[in-house]
Amino acid sequence: MGYKFKPNKAVAKRFKVTAKGKLKRHHSLTSHLRSARTSKKKRHLRRPEILFEGHARNMRYMMGIGGKHPNAPRPKKSDEAAATK
């Protein structure tokens, strides 16, 4: 019997997948010693960041969604309607 692929749950909890397949991540430097940072810095750290595509490809594979590509051509609505008829 072959080995069944198990996705890495730790990676799956750290990233969210967008509709196009990109990965959103949280910033570091947000947990403690925040008084050392300016208000502007703290405000920008609240926003999510898109993970660099070189790393995102590896993380998608670890999450078990390796087939999703953000740069893959998406089918147009007219093509989908013609394929179903």
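Buried residues make up 13% of the 85 residues in the chain, where buried means under 20% relative accessible area, exposed means over 50%, and partly exposed lies in between (1.4 Å probe, protein chains only). Before you click further, note that this is a predicted model, in which local features need pLDDT of at least 70 and side-chain atom pairs count only at pLDDT 80 or more, while totals for chains, interfaces and linings use all residues. Residues are numbered from 1 along each chain as its sequence is written, and side-chain values use heavy atoms, with hydrogens and water left out.

**Stop 1: the whole chain**

Start with a cartoon view. The chain has four helices and three strands; these are DSSP runs numbered from the N terminus, with helices being H or I of at least four residues and strands being E of at least two. Following the chain from the N terminus, you pass the elements in the order α-β-β-α-β-α-α. The radius of gyration is 18 Å, well over the 12 Å that the globule rule gives for 85 residues, so the chain is more spread out than a compact globule. That radius is taken over C-alpha atoms, and the rule is 2.2 Å times the number of residues to the power 0.38.

Along the principal axes, the C-alpha atoms fill a box of roughly 60 × 45 × 20 Å. Switch on the surface, and you are looking at about 7500 Å² of accessible area, 56% of which belongs to carbon and sulfur atoms. Accessible areas come from the Shrake-Rupley method with a 1.4 Å probe, and for residues only the protein chains shown count as cover. Among contacts between residues at least 6 apart in sequence, 58% join residues at least 24 apart; contact means heavy atoms within 4.5 Å.

**Stop 2: the sheet**

Next, select residues 16-17, 23-25 and 49-50. Here is an open sheet of three strands in the order β1-β2-β3, with antiparallel pairing. β1 (16-17) and β3 (49-50) are the edge strands, each pairing on one side only. Two strands pair if DSSP finds at least two bridges between them, and β2 (residues 23-25) pairs with β3 over two bridges in the antiparallel sense. Zoom in on R25, and you will find E49 of β3 standing opposite.

**Stop 3: F15**

Stay with R25 and add F15 to the selection. The two are 10 residues apart in sequence, and their C-alpha atoms are 5.3 Å apart in space. F15 sits in the loop between α1 and β1. Is F15 buried or exposed? F15 is buried, with a relative accessible area of 12%. Beyond its neighbours within four places in sequence, F15 is in contact with L23, K24, R25, L51, M59 and M63.

**Stop 4: the salt bridge**

Now show the side chains of E53 and R60. They meet in a salt bridge, 2.5 Å from N to O, and the structure holds one such bridge. The term stands for a side-chain nitrogen of Lys or Arg within 4 Å of a carboxyl oxygen of Asp or Glu. E53 is partly exposed at 23% relative accessibility, whereas R60 is buried at 3%. R60 belongs to helix α3. Which residues is R60 in contact with, leaving aside its neighbours within four places in sequence? They are G21, K22, L23, E53, I65, G66, K68 and P70.

**Stop 5: the aromatic pair**

Select F5 and Y61. A search of the whole structure finds one aromatic pair. The ring centres of F5 and Y61 are 5.5 Å apart and the planes are at 50°, so the pair is tilted. Rings of Phe, Tyr and Trp (its six-membered ring) pair if their centres lie within 6.5 Å; planes under 30 degrees apart count as stacked, over 60 as edge-to-face and the rest as tilted. This pair links distant parts of the chain, with F5 in the segment before α1 (9-14) and Y61 in helix α3 (residues 53-63), 56 residues apart. F5 is partly exposed at 40% relative accessible area, and Y61 is exposed at 53%.

**Stop 6: two leucines in a loop**

Finish in the loop between β2 and α2 (39-46), where you can select L29. The phi of L29 is near 65°, a positive value in a residue other than glycine, and L29 counts as partly exposed at 47% relative accessibility. L33 is found in the loop between β2 and α2. Its phi is near 60°, a positive value in a residue other than glycine, and L33 is exposed, with a relative accessible area of 62%.
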